[in-house]
Amino acid sequence: ADRAEQLWIDGLLGVLLNQPERTRTALATLRADTSGVLRQVARSLEAVRLDRAGIAGAADSAMAVSDDTMRDGGFLMSVESVNRLIVARALVRRGQPERAERYLRWTDAGSNTPRTSSTQHGVGFFTAYERGVALDEAGRADAAAYQLRKFVSNYTSPPEAHRGLVEDAKARLARIEAAKR
């Protein structure tokens, strides 16, 4: 698991830093292994690369990986959490926000490993935001408000790059609460 996660993170850094050779090297190493987990991690990294490049089918690839891992197990939550964010955002963009909930409920589960627990705490904020957005778009105001409140109350010191998310969450909450009056 450590090796798979390290390779995935190295490839992810290649995507984020626009270092395609770094990503290609990580993918080649992951694909050379015959274990199911490393093959899934390679599929995930490829989906992230395609999503970052704006390729429309990237979310479908991430969804296939996520569906396989939900059915068969053997996944790393750090990797899977990114897959599920890609999928959920795509479903909302496609006008299918009610389907996003399936991919965002993972933070509700109990954690039995430190690795999963740290992912839940580190990515859980973003998952709450994405759930709130999807639920809002699906017309489920009470559930959306719950997730958005959770996001806003727990993500109190966001970096500049994330402040727009907090402002969007607050605006959605205000709109939902005004509609109840």
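**Exercise 1. Work out which pattern the chain follows along its sequence, then judge its overall build.**

Start with the order of elements: reading along the sequence gives α-α-α-α-α-α-α-α-α. This is a predicted model, by the way. Tallying up the secondary structure, you get nine helices and zero strands.

Next, check the compactness. The radius of gyration comes out at 17 Å, and the globule rule gives 16 Å for 181 residues; those values are close, so the chain is as compact as a globular protein of that length. For the outline, take the principal axes: the C-alpha atoms fill a box of roughly 60 × 35 × 30 Å.

Then look at burial and contacts. Of the 181 residues, 43% are buried. Now keep just the contacts between residues at least 6 apart in sequence: 55% of them join residues at least 24 apart.

**Exercise 2. Test the length of helix α2 against 1.5 Å a residue, then find where its buried residues sit.**

Step one is the ruler. Helix α2 runs over residues 20-32, which is 13 residues, and should span 18 Å. If you're wondering about the arithmetic, the expected span is 1.5 Å times one less than the number of residues. The end C-alpha atoms of α2 are 18 Å apart, so expectation and model agree.

Step two is burial: T23, A26, L27 and L30 are the buried residues in α2. Around the axis they cover an arc of only 100°, so they're on the same side of α2.

Step three is to ask what that side faces. The buried residues of α2 pack against α1 (2-16) and α3 (36-52).

**Exercise 3. Do the burial check for α6, and the length and burial checks for α8.**

Take α6 (residues 97-104) to begin with. Its buried residues are P97, A100, E101, Y103 and L104. Looking down the axis of α6, you'll see them within an arc of 165°, so they line one face of the helix.

Now α8. With 14 residues, α8 is expected to reach 20 Å at 1.5 Å a residue, and the distance from its first C-alpha to its last is close to that, at 20 Å. The buried residues in α8 are A144, A145, Q147, L148 and F151. Hang on to F151, as its ring comes up in Exercise 5.

**Exercise 4. Describe the surroundings of two α4 residues, D67 and T69.**

D67 first: it sits in helix α4 (residues 58-72). Leave out residues up to four places away in sequence, and D67 touches R102 and Y103. With R102 there's also a polar contact between the side chains, at 3.0 Å.

T69 is in helix α4 too. Its relative accessible area is 2%; the cut-off for buried is under 20%, so T69 counts as buried. Skipping residues up to four places away again, T69 touches Q40, F75 and E80.

**Exercise 5. Search the whole structure for aromatic pairs and characterise two of them.**

The search turns up four aromatic pairs. One of them is F126 with Y155: the centres are 5.5 Å apart and the planes make 70°, which is edge-to-face. This pair links distant parts of the chain, with F126 in helix α7 (residues 114-137) and Y155, 29 residues away, in the loop between α8 (141-154) and α9 (163-180). F126 has a relative accessible area of 18%, so it's buried. Y155 is buried as well, at 11%.

Now the second pair. The ring centres of Y129 and F151 are 5.2 Å apart with the planes at 50°, so the pair is tilted. Here too, distant parts of the chain are linked: Y129 belongs to helix α7 and F151 to helix α8, 22 residues apart. Both Y129 and F151 are buried.

Last step, join the dots: ring pairs link F125, F126, Y129, F151 and Y155 into a cluster.

**Exercise 6. Is G124 buried or exposed?**

Locate the residue to start: G124 is in helix α7. Its relative accessible area is 15%, so G124 is buried. For one more distance, go to W106, 18 residues away along the chain: its C-alpha is separated from that of G124 by 9.0 Å.

Technical notes
Residues numbered from 1 in each chain as written. Predicted model: local features only at pLDDT ≥ 70, side-chain atom pairs only at ≥ 80, totals over all residues. Heavy atoms only, no water. Helix = DSSP H or I, 4+ residues; strand = E, 2+ residues; numbered from the N terminus. Buried < 20%, exposed > 50% of the residue type's maximum accessible area, 1.4 Å probe, protein only. Arc of directions from axis to C-beta. Contact = heavy atoms within 4.5 Å. Polar contact = N/O pair within 3.5 Å; in protein donor to acceptor, adjacent residues only side chain to side chain. Phe/Tyr/Trp six-rings, centres within 6.5 Å; stacked < 30°, edge-to-face > 60°. Rg over C-alpha atoms; globule rule 2.2 N^0.38 Å.
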